[in-house]
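Dear colleague,

I am handing over the structure we spoke about, and below it you will find my notes on what turned up when I went through it. Please read them with the structure open beside you.

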Amino acid sequence: MPELRKKILFTLGILALYRFGAYVPVPGIPFKEFSDAFAASGVSMTMLDLFTGGALSNFSVFSLGIMPYITASIIMQLMQGVIPAVGRWAKEGETGRRKITQVTRFLTLGLGLINAVGYLFLFKSSAYGVVFTSEVPEILTDIIVVFTLVAGTAFIMWMGELITQRGIGNGMSLIIFVSIVSRVPAAIFSSVNLTGDTGMGIAVTLLIVLVVLLLCIPAIIFVERAQRRIPVNYAKRVQGRKMMGGQSTYIPLKVNAAGVIPIIFASCLIYFPAQIAALFNIGWLTAAADAMSTGWINWLLTLALIVFFAYFYTSMVFNPEETSDNLRKQGGFIPGVRPGSATTQYIKNVINRVTLPGGLFIALIAVVPSILFYFTGNQLIQAFGGTSILIMIGVALDTMSKLESQLKMYNYDGFFK
């Protein structure tokens with residue numbers, strides 16, 4: 001199918017361009033000195049580098065990565081429940097989505113500017129000691145660095161939207177997917193060389209890969225596909241000369257309706273202090289950011305935030321009142337439950353019961369590998385961490401479902417037969 005092939009090739013081409021940009025350096029940066037300084041940086045900077053696919057450690061034009069856009073999207077999601085005008089935009093269909101997208105773009109550029117200035121101050125501080133060339137005025141070099149980083153953020157946002165419009169899958173999710181996957185080969189080599197015994201390193205690496213492939217991935221897919229089905233019956237009614245209704249169906253409620261969104265939201269909030277610390281370069285703030293990026297504080301915060309965002313995002317995408325009202329208008333009812341407010345409350349209770357195990361599951365998947373990495377220092381565990389695996393599997397499942405929907409558009413034989 002030529003059209004589908006073009007979409008796949010277009011998506012791969014944009015992702016290859018993104019990976020190429022991760023190695024294009026910002027003008028004026030002394031690479032060797034910066035690389036040595038970054039290698040000795042704190043844990044929070046290492047985790048931020050994970051989400052940029054190594055672009056931050058190279059100080060490339062894509063150093064800010066996709067995080068400003070993700071943060072802007074989180075703010076706009078929160079604003080839908082706080083600002084009535086934004087909430088109305090979300091209900092206006094395509095017109096409202098265009099308005100939200102436009103505001104998100106400007107907000108991304110603003111956050112990118114703040115991050116770029118913060119990174120510039122941080123890397124010029126005594127912690128890194130990056131000294132620019134004296135052949136060009138320092139203020140001019142600063143402007144070039146900040147402008148390049150903000151332009152790189154805008155370019156990433158543009159590439160993600162291009163993939164969403166003309167390619168296969170969600171562009172922003174695929175960019176995060178590629179950033180995480182790109183760190184896996186280096187993590188494998190690091191894991192093999194972690195011990196002096198190469199054979200032992202290979203055995204440990206194979207064990208981790210087998211555990212991920214045989215236990216973690218099937219369990220995650222099982223929960224991602226799991227549903228709680230609420231039975232619905234439709235009363236029989238006469239419309240003209242036809243007898244309508246009488247069927248039985250169900251309302252599918254996913255155990256993990258929010259997908260990987262709670263993990264992405266929680267990660268952004270947890271590592272946001274690291275970005276603030278980069279902006280102000282205050283000792284106690286940097287120490288607090290490092291404490292929130294690893295250790296028991298990070299584990300508890302991650303657990304609580306993921307469960308919170310699982311409930312929050314599920315409430316944003318699923319409206320029990322609207323579902324109950326639609327059932328009543330169509331003559332549907334849940335067996336044993338009165339229509340109206342009783343049906344609404346019943347659906348709310350089911351959602352609350354189903355969301356808790358789903359949220360706890362993805363929270364444990366995100367936290368347990370972080371604990372193992374904290375005690376072992378194995379880079380492969382970090383690359384194959386719960387957050388990384390959940391994002392990769394969630395994006396892969398979403399992309400495959402969209403690919404299948406494209407295939408079904410071309411296969412009408414089964415319907416006509």
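Of the 417 residues in the chain, 45% are buried, and I should say at once that this is a predicted model. The secondary structure amounts to 18 helices and five strands. The chain exposes about 21,800 Å², of which 67% is supplied by carbon and sulfur atoms. If one takes the contacts between residues at least 6 apart in sequence, 74% of them join residues at least 24 apart.

I looked at three helix pairs, and I begin with helix 1 and helix 8.

Helix 1, residues 2-21, packs against helix 8, residues 171-181, at an angle of about 55°, and their axes are 11 Å apart. That angle makes helix 1 oblique to helix 8, and the crossing in which helix 1 passes helix 8 is right-handed. On the helix 1 side the contact involves Thr 11, Leu 15, Tyr 18 and Arg 19, which meet Leu 174, Ile 175, Val 178 and Ser 179 in helix 8. Sorted by class, the residues of this contact between helix 1 and helix 8 are five nonpolar, two polar and one charged.

Helix 8 also has helix 7 as a partner, and the axes of helix 7 (residues 138-166) and helix 8 come within 7 Å, crossing at roughly 115°. Helix 7 contributes Ile 156, Met 157, Gly 160, Glu 161, Ile 163 and Thr 164 to this contact, while helix 8 contributes Gly 171, Met 172, Leu 174 and Ile 175. The classes in the contact of helix 7 with helix 8 are six nonpolar, three polar and one charged. When you inspect helix 8, you may wish to look at Leu 174 and Ile 175, which are listed in the contact with helix 1 and again in the contact with helix 7.

The remaining pair is helix 4 (residues 67-80) and helix 6 (residues 94-124), whose axes come within 8 Å and cross at roughly 130°. These two helices are therefore oblique to each other, and helix 4 passes helix 6 in a right-handed crossing. From helix 4, the residues Pro 68, Tyr 69, Thr 71, Ala 72, Ser 73, Ile 75, Met 76 and Gln 80 meet Ile 100, Val 103, Thr 104, Leu 107, Thr 108, Leu 111, Gly 112 and Asn 115 of helix 6. The contact of helix 4 with helix 6 divides into nine nonpolar residues, seven polar ones and no charged ones.

Finally, two single residues deserve a few words.

Ile 230 lies in strand 1, which covers residues 227-234, and its relative accessible area is 0%, so Ile 230 is buried. Leaving aside residues up to four places away in sequence, Ile 230 touches Thr 249, Tyr 250, Ile 251, Leu 253, Ile 334, Tyr 346, Ile 347 and Val 350. One of these neighbours, Ile 334, is 104 residues apart from Ile 230 in sequence, yet the two are 7.5 Å apart in space, C-alpha to C-alpha.

Thr 314 is placed in helix 13, residues 295-317, and counts as buried because its relative accessibility is 8%, where the cut-off for buried is under 20%. With residues up to four places away in sequence again not counted, Thr 314 touches Ala 257, Ala 258, Phe 309, Ile 351 and Thr 355.

With best wishes

Technical notes. Residues numbered from 1 in each chain as written. Predicted model: local features only at pLDDT ≥ 70, side-chain atom pairs only at ≥ 80, totals over all residues. Heavy atoms only, no water. Axes fitted to C-alpha atoms, helices over the stretch in contact; angles between N-to-C directions. Helix = DSSP H or I, 4+ residues; strand = E, 2+ residues; numbered from the N terminus. Parallel < 35°, antiparallel > 145°, perpendicular 65-115°, else oblique. Left-handed = near helix turned anticlockwise from the far one by under 90°. Contact = heavy atoms within 4.5 Å. Nonpolar A, V, L, I, M, F, W, Y, C, P; charged D, E, K, R; others polar. Buried < 20%, exposed > 50% of the residue type's maximum accessible area, 1.4 Å probe, protein only. Areas by Shrake-Rupley, 256 points an atom, 1.4 Å probe, with all protein chains shown as cover.
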